[in-house]
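Colleague: I have the coordinates loaded. Take me through the model one question at a time, with cut-offs.

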Amino acid sequence: MPKPYASVIIKLLQTHALYSDDDPQYWQHLQDHEVAVRAYFEQIGVSLDLNRTDGYARLTQPAPVEDDPTPPLRLLRRVGLSYEQSLLCVVLREWLEEHEASAQTTTRRLFATRVEIRERVELFFHQPTNRKAWLSKLDIVIEKLETHGLLKVNRRDDAQPDQTQYEIKALLKAKISLEKLEEFKEKLQRHAESV
């Protein structure tokens with residue numbers, strides 16, 4: 001007989017992340033069985049990062065120790081991001097920080113249309129002479145972040161794709177700390193000054 005929290009474990013193994021607003025049933029099961037779920041993952045060398053404030057849970061796995069003769073197998077693959085994907089992540093992460101610091105913010109969730117995302121990031125991208133090709137490439141970058149669970153379509157608009165609305169997921173805060181954000185901004189500033 002499966003444990004009552006088996007579905008939560010399977011969901012986390014499939015997606016590596018769980019959101020309170022996207023998966024309320026799984027989120028409640030996780031709240032009800034947090035100790036058992038943590039214990040399960042600890043047995044296989046994986047940690048559960050549960051952030052109730054931002055409403056997400058994710059799995060993490062520490063890097064193996066260099067001199068370990070029998071390092072554990074990696075369950076969680078590190079996903080490499082292209083330069084453009086990383087740049088978009090940093091821009092969105094900073095936007096989240098601004099949103100949360102705003103005194104007018106009534107909700108922690110941040111929504112933006114495709115055109116708003118494009119306007120925020122286009123200053124940092126090298127734009128070729130063919131703007132249509134550049135826009136198409138940026139759309140692919142946005143879709144890739146959606147695949148990684150960092151953006152989520154909130155409202156799709158097939159008639160006007162630029163008005164498709166995304167939620168910028170708080171998981172970005174776990175992926176890019178404030179310290180890393182500052183480091184990247186300094187690199188961008190140095191790069192801008194050198195150009």
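**Salt bridges, sheets and surface**

Colleague: How many salt bridges does the count come to?

Modeller: This is a predicted model: local features need pLDDT of at least 70, side-chain atom pairs count only at pLDDT 80 or more, and totals for chains, interfaces and linings use all residues. Numbering starts from 1 along each chain as its sequence is written, and side-chain values use heavy atoms, with hydrogens and water left out. A salt bridge is a side-chain nitrogen of Lys or Arg within 4 Å of a carboxyl oxygen of Asp or Glu. By this rule, the count is 18.

Colleague: How many residues apart in sequence are the parts that Lys137 and Glu84 tie together?

Modeller: Their side chains form a salt bridge at 3.1 Å, N to O. Lys137 sits in helix H6 and Glu84 in helix H4, and helices here are DSSP runs (H or I, at least four residues; strands are E, at least two), numbered from the N terminus. So the pair links parts whose separation in residues is 53.

Colleague: Is Lys137 buried, partly exposed or exposed?

Modeller: Buried means under 20% relative accessible area, exposed over 50%, and partly exposed in between (1.4 Å probe, protein chains only). The value for Lys137 is 44%. Lys137 is therefore partly exposed.

Colleague: Which residue is the salt-bridge partner of Asp162?

Modeller: Asp162 lies in the loop between E5 and E6, and its partner is in helix H5, so parts 44 residues apart in sequence are tied together. Asp162 is partly exposed at 30% relative accessibility, while the partner is buried at 7%. The N to O distance is 3.0 Å, and the partner is Arg118.

Colleague: Which residues are linked with Glu167 in a network of salt bridges?

Modeller: Glu167 meets Lys169 at 3.4 Å, N to O. Both are buried: Lys169 has a relative accessible area of 2% and Glu167 stands at 6%. The network links Glu167 with Asp21, Asp22, Arg109, Lys152 and Lys169.

Colleague: Which strands are the edge strands of the sheet E4-E6-E5?

Modeller: Two strands pair if DSSP finds at least two bridges between them. This open sheet has 3 strands, with antiparallel pairing. Pairing on one side only marks its edge strands, E4 (110–113) and E5 (151–155).

Colleague: Over how many bridges do E4 and E6 pair?

Modeller: Strands of a sheet pair through backbone hydrogen bonds, either parallel or antiparallel. One bridge joins Thr113 to Gln165 in E6. E4 and E6 (residues 165–168) pair in the antiparallel sense, and their bridges number 4.

Colleague: What angle does the direction of helix H5 make with that of E4?

Modeller: Axes are lines fitted to C-alpha atoms, for helices over the stretch in contact (heavy atoms within 4.5 Å), and angles run from 0 to 180 degrees between N-to-C directions. H5 (residues 114–121) packs on the sheet and touches E4, E5 and E6. Its angle with E4 is about 90 degrees.

Colleague: At what angle does helix H6 run to E5?

Modeller: H6 covers residues 131–147. It lies across E5 and E6, and the angle to E5 is about 100 degrees.

Colleague: Why is one side of E1 and of E2 left without a neighbour in the sheet?

Modeller: The open sheet has 3 strands in the order E1-E3-E2, paired antiparallel. E1 (17–19) and E2 stand at its edges, so each has a single partner strand.

Colleague: Which residue in E3 is the bridge partner of Tyr19?

Modeller: E1 and E3 (residues 56–60) run antiparallel and are joined by 3 bridges. The partner of Tyr19 is Tyr56.

Colleague: Is Gln85 buried or exposed?

Modeller: Gln85 is in helix H4 (residues 83–101). Neighbours within four places in sequence aside, its contacts are Gly80, Val141, Lys144, Leu145 and His148. At a relative accessible area of 10%, Gln85 is buried.

Colleague: Which residues form the nonpolar patch on the surface?

Modeller: Patch residues have over 30% relative accessible area and no salt bridge; like charges are joined within 9 Å, nonpolar side chains (Val, Leu, Ile, Met, Phe, Trp, Tyr) within 5 Å. Accessible areas use the Shrake-Rupley method with a 1.4 Å probe; for residues, only the protein chains shown count as cover. One member, partly exposed at 40%, is in the loop between helix H3 (34–43) and strand E2 (47–51). Together about 240 Å² is accessible on Tyr40, Ile44 and Leu75.
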